[in-house]
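User: Could you zoom in on one part of this protein for me? I'd like a close look at a single residue and then a feel for what surrounds it in the wider fold.

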Amino acid sequence: MSKLKKPLKYGAAMLALMVFAAGCGGNGSAADPGNGKDEAGKAPEVQKPEPAELVFYSQNGQSEAFFNEIYGDKIRKKFPHYTIKYIQRTGPGTLLADMVSSKTHFDFYFNTVYGFLNEVLPVEIQYDMTELAKKHKVDLNNIDPAAIEGFRNDVGGKLFALPTHQDVMVTLYHKDLFDKFGIPHLKDGMTWDELYAVSKRITRSEGGVNYIGYAPMVDYLVRLNPYSIPNLDKNTLKPTINTDERWKSFFEKLIVAPGEAAGTARGEMPKDAVKVLEKFIAGEQAMVVYIPQVVKSWADRFKTVNFDFVSAPTLPDQKGKGSMPYPVYLGITQMAKNKDAAMEVLKFLISDEAQTDLAKKGLMPVVKSESVRKAYGADTGFNNLNWGAAFYNQAAPVPYKGPMDGMVGDIYRKYAYEVMFGTTDMNTALRKAEEETIKQVEEFRAKVNPNVFK
């Protein structure tokens, strides 16, 4: 039993699947000879779909307007007999731990890959949807494997959630800056070395402005690293940062190298994700490697910029392999009162119909359909962008993440920033990150049920 919360005992029995009656075709039966009427010649009474109330919650604090745009409105249109509600995290009382301790009911929980397991496993609201998905004939094969396989492998193959949309890294480049300095526009398929070479050509001080060619978005480089390095060893739960040699390559190639490319302007490089974006939008930085969804999130600001996408750079020994994906997962909770109705909604959200709608709005789809992918970005107001850049590279495999991945990633990125700005040498940073992680992991494990790691 969890040391944080007792297991939730809602005892919600699965209700019958909603029945949508229609006239039977084919050869008919004794009750329906094939003409839509019974033996007495009367049309059978059409059964009305049963109503259901479904409540969504996420600890990410997104507004109800955003929820309705992404999920709520399309669900209500598809299932008018369902009442869809959303609980927004607004502070104390609506945090996940508060919601669980007060036994506040919600049928769905959603969060990014970075936070989903970290949030739900300690409070034990997860529900394995494997059999329910089979019952409702959910086609998991239509989902991009990179968006689902790693997540399931974390929890022994259980299906605690399905991805509804995702992101990968792409390269945003400021076309006006390229034109200003006489540099050809970027193309899909570039390498990191090629990006750094362009960065050196652009980085300069001119007219009282310090221009930077490229500054890393360290937060996302750590989260979506193309080396697919797990933050923790799955078997031992020990940090990998000072034992897996790939981390040294990661730091040398993706953290140290861009600082060297900036040369004497290294100190002018922005120091967090928001400042990187602001410098890009202000026309003082030429390139950003980041997720394309930022264009939707910052639409008003990006309308002032003449920019485009190309694929994220690749490593010399991983040609054609980009970043790991960054999915958002939606899962049915243990407390869901009508799991069949909930699964019908979840099945709809990964259908080509719903995925096309999401794609048009600038959310990267998780399905394999080429027609859905071609719709990506169509209704964003940025139709001329190269949205296909997100699909140019093969996504890097997702390694073990588990319930502590977000916490450990925050430690790793802190030291990555120190290395980038030269305040700590790489070996010292790796050692300190390891020591801090060991301490944090021990504290976390002391608070939770050991079963969260199985």
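Analyst: Sure, and let's start wide before zooming in. Keep in mind that this is a predicted model. Of the contacts between residues at least 6 apart in sequence, 76% join residues at least 24 apart. The protein has 17 helices and 10 strands, and 55% of its 454 residues are buried. About 19,800 Å² is exposed, with carbon and sulfur atoms supplying 49% of that area.

Now for the close look, at S228. You'll find S228 in the loop between α8 (218-223) and α9 (246-262). Is S228 buried or exposed? Its relative accessibility is 12%, so S228 counts as buried, the cut-off for that being under 20%. Leaving out residues up to four places away in sequence, S228 touches R246, M324, A396, P397 and P399. With P397 there is also a polar pairing: a polar atom of the S228 side chain lies 2.6 Å from the backbone oxygen of P397.

As for open space in the model, the largest pocket holds about 530 Å³. Its lining has 22 residues, and Y220, Y290, I291, Q293 and S297 are the closest to the pocket centre. By type, the lining of the largest pocket splits into 14 nonpolar, seven polar and one charged. If you want to trace that lining by element, α1 (64-78), β3 (108-112), α10 (273-281) and α11 (294-297) each contribute at least two residues.

Methods:
Residues numbered from 1 in each chain as written. Predicted model: local features only at pLDDT ≥ 70, side-chain atom pairs only at ≥ 80, totals over all residues. Heavy atoms only, no water. Helix = DSSP H or I, 4+ residues; strand = E, 2+ residues; numbered from the N terminus. Buried < 20%, exposed > 50% of the residue type's maximum accessible area, 1.4 Å probe, protein only. Polar contact = N/O pair within 3.5 Å; in protein donor to acceptor, adjacent residues only side chain to side chain. Contact = heavy atoms within 4.5 Å. 1 Å grid on protein atoms, 1.4 Å probe; cavity = no way out; pocket = protein on both sides within 12 Å on 5 of 7 lines; lining within 4 Å. Points joined across faces, edges and corners; volume = space filled by probe spheres on them. Nonpolar A, V, L, I, M, F, W, Y, C, P; charged D, E, K, R; others polar. Areas by Shrake-Rupley, 256 points an atom, 1.4 Å probe, with all protein chains shown as cover.
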